[in-house]
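The following exercises concern one molecular structure. Please work through each task before reading its solution.

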Amino acid sequence: MRDQELQRILRHMPAGIATLLGPELRYGFVNEAMQALLGGNTPEGQPLTDVSLPADLREVMQKVYDSGSPFVAKAYGLPLLGSNGEEPTPRYFDIALEPLQDDEDQVHGLLLFAVDVTGQEEARQRAHELALETRRLDARLRVLTETAPQITFTVDAAGNYEYVSPQWYYFTGQPPTADLDAIWPLLVHPEDRLRVLYQMEAARKAGIGWSHEYRLRRHDGQYRWLLSRAVPELHAPDQAAYWHGAVTEVHDQRELADALRRGEAELRFLADSIPQLIWTATAEGFIDYYNQHTAEYTGSSADELGPTGWVSLIHPSEQSSAARRWVQCVASGESFDGLFQMRRHDGQYRWHIIRARQLTDARGLRWFGACTDVDDQHRLREVLQHQYDELARTNRDLDTFVYTASHDLKQPLFNLRGLFDELRRTATFDDEEHEVLLRMVDGALGQLDVTLHDLAATVQEQRQLTAPTEAIDLRSVAEEVLLGLRVLVEDAEATVNLDFKAAPTLIYGRANLRSVLHNLLSNALKYACPERPPCITIASGMTEAGKPWLKVQDNGLGMEVNKDANPIFQLFDRQHPHIGGTGVGLYLIQRIVTSRGGHLEVASTVGEGTTFTVYWFG
Amino acid sequence: MFSPMNHIAYMSRAVRPLSDQELQELLAQCRRDNARNNVTGILFYSHGNIAQLIEGDPAVTRPLFEKIAQDGRHSNVVKLADKPIEARSFPDWSMAFHPIDPEGFSALTDFFLPHQMPATPDTLSIADALLVDLVRQAVFGANTTAAESASVGN
């Protein structure tokens with residue numbers, strides 16, 4: 001009964017149990033699990049076949065049988081045939097081989113005991129693979145931490161350094177034996193030391209990470225700015241055990257940032273110091289900075305003005321056009337440029353030139369603008385313009401007055417002349433001296449007539465200065481003028497040579513040209529030397545620059561020429577007081593020539609003659 | 001009866017481009033806020049650019065703006081204006097979109113395609129009108145000129 005129960009238990013055990021009897025190892029008792037292991041076919045009394053177990057195992061079994069000492073094959077792999085002809089999967093078994101001995105201690109069989117350890121074996125293999133992978137990762141991590149351009153470190157909760165990467169030693173030049181906890185704080189710049197120690201301790205107490213910058217002494221003694229960042233490793237919530245961190249050198253960036261900050265502060269100071277309205281705007285056209293002076297001028301703060309408030313400072317009549325123009329400029333990128341009246345804090349509008357230009361750089365697109373107060377200049381210009389208009393009008397009035405006066409005086413003069421002639425005809429004068437007096441009165445009357453005529457002519461010329469120009473044949477005009485002066489020429493027995501071959505025509509105002517020729521010729525005749533008959537040459541030509549000139553040369557009295565001033569061209573200024581004339585002639589020529597962009601030159605030698613050269617243009 | 005009013009204008013960037021669906025939701029949300037708080041204004045959206053002007057009682061608009069600024073759908077919120085006004089310039093809540101599918105939007109009321117936008121109202125001061133014009137230009141680009149006559153739904 002007991003035996004049967006034992007047999008049933010053994011039969012259904014999950015471990016495989018079998019007895020192999022005799023030196024041929026014939027199947028004895030085989031339970032279900034072992035039967036599955038051996039391929040299912042285990043008729044009692046049959047020896048083990050080649051197919052049921054691998055040869056090496058059978059060899060070992062034979063040896064155990066022969067020697068009588070037990071053996072355990074650990075994690076022995078056996079391909080177990082799946083049911084329904086599936087692919088065999090490797091299973092692992094601890095197989096115990098125990099010799100069975102009879103009463104006389106003779107081996108007569110083997111007890112085969114197989115426990116499936118596939119699960120354990122697979123776990124062991126996985127663990128092995130994991131260990132390999134961990135080693136690989138570990139090696140990679142070490143390479144990374146030790147080659148990255150950063151110092152990495154681990155600090156425990158007490159603030160002691162657990163680990164620091166070799167870069168720390170390269171950077172500081174300290175020997176590998178250095179006591180980190182003692183030396184590190186000493187290498188921090190004295191000005192930063194307390195702050196850094198406090199910040200690290202505070203972070204450790206609070207169980208949080210840190211990020212701060214400080215200066216650390218490099219191996220060459222130079223202090224360099226570093227950024228130290230660390231994060232806590234939490235072993236339980238709110239309970240940090242270690243801090244892992246990295247120290248990066250940020251010296252150059254920091255220097256650069258400092259320089260930028262300094263530059264920006266200086267520029268801002270500059271902008272704030274300039275007595276102009278300076279501002280900057282975003283790419284979209286919203287003003288984001290107004291300088292100090294803007295607040296002083298407008299009486300409004302930057303906040304009050306806002307991104308578009310500047311337009312409300314402009315005179316109401318110009319606001320919408322300025323706003324439109326700005327929108328266009330922002331869209332197209334064109335510069336903004338204009339003259340606007342801008343309201344000062346006291347309500348006075350002052351003229352400003354507003355200019356804004358776009359700047360594109362690495363930081364994007366921005367606008368820079370300035371409003372320059374040109375009110376004083378603007379007003380001065382208005383005053384000057386007003387005065388100029390006034391003067392021009394006065395000048396015109398004067399011309400009119402002179403013309404009217406000379407015209408109006410002609411009639412009384414005519415009457416006077418008639419009365420005087422009548423007096424001379426009818427009255428008789430006994431005294432010889434009276435005859436001289438009469439001649440003098442006659443001469444004075446003649447001079448008065450010429451003066452009035454010249455004055456009228458001056459005004460007339462003045463009005464003709466704007467007359468249209470035409471191409472004029474110089475010879476025909478000169479002959480015309482000579483015809484008018486025929487009496488004078490004949491009286492003086494003068495020779496006049498005309499030489500217009502070099503430049504026969506001139507583009508000029510006809511009346512002006514005639515006036516210039518008339519005055520130069522009559523001067524040459526008037527100031528002739530009494531000792532020799534006058535010889536006058538009129539010539540024309542071109543300068544090297546292709547500008548026309550006209551020359552009138554005489555052999556008359558000549559005169560002193562002052563190089564510095566040209567008094568001979570002043571109105572009513574006369575070179576030879578003993579000779580009749582009004583002093584208007586040269587002044588007139590001067591005005592005609594200069595008004596058309598030319599100039600007059602004179603060369604003269606007293607007692608030999610004078611040469612006037614007219615450079616018509618330039 | 002006179003009650004104080006102000007307007008607040010801002011520009012921002014959508015965190016990611018809004019779909020037509022999301023735009024419709026935004027429109028509906030604005031209308032709800034409008035009805036409840038008596039807030040009016042205008043909203044521009046195009047290719048991720050958002051700009052909005054809201055007008056109403058400062059006791060409403062200020063907290064509303066705070067809420068809007070916290071909205072996770074956009075970032076880079078830049079406030080451009082926050083100042084008292086005399087009267088509303090956008091009494092009908094309206095918005096202008098560059099929708100992905102203009103067909104679906106043409107049926108909506110109080111909605112404009114950018115090229116249909118009405119001119120900036122002349123009730124605004126010139127400085128404020130300039131602000132709206134610059135915002136419009138920043139959102140829709142330089143070539144979107146306001147149409148003289150609006151094709152508003154109602």
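**Exercise 1: Burial**

Determine what share of chain A is buried.

Solution. Of the 618 residues in chain A, 21% are buried; a residue is buried if 20 or more other C-beta atoms, placed from the backbone, lie within 10 Å of its own. The model is predicted, so local features need pLDDT of at least 70 and side-chain atom pairs pLDDT 80 or more, whereas totals for chains, interfaces and linings use all residues. Residues are numbered from 1 along each chain as its sequence is written, and chains are lettered from A and ligands numbered from 1 in the order in which they are written.

**Exercise 2: A sheet**

Give the strand order of the open sheet of 5 strands in chain A, and state why strands E7 and E8 each have a side without a neighbour.

Solution. Step one: the order is E7-E6-E10-E9-E8, with antiparallel pairing. Strands are DSSP runs (E, at least two residues), numbered from the N terminus, and two strands pair if DSSP finds at least two bridges between them. Step two: E7 (161–164) and E8 (210–217) of chain A stand at the edges with a single partner strand each, so one side of each lacks a neighbour in the sheet. Step three: within chain A, E6 (residues 151–156) and E10 (residues 239–249) are joined by 6 bridges; A:Thr154 has A:His244 in E10(A) as its bridge partner.

**Exercise 3: Residue classes**

State which classes of residue form the contact of H16(A) with H17(A).

Solution. This contact has 6 nonpolar, 5 polar and no charged residues. Nonpolar covers Ala, Val, Leu, Ile, Met, Phe, Trp, Tyr, Cys and Pro; charged covers Asp, Glu, Lys and Arg; the others, Gly among them, are polar.

Notes. Buried ≥ 20, exposed ≤ 12 C-beta atoms within 10 Å, placed from the backbone. Helix = DSSP H or I, 4+ residues; strand = E, 2+ residues; numbered from the N terminus.
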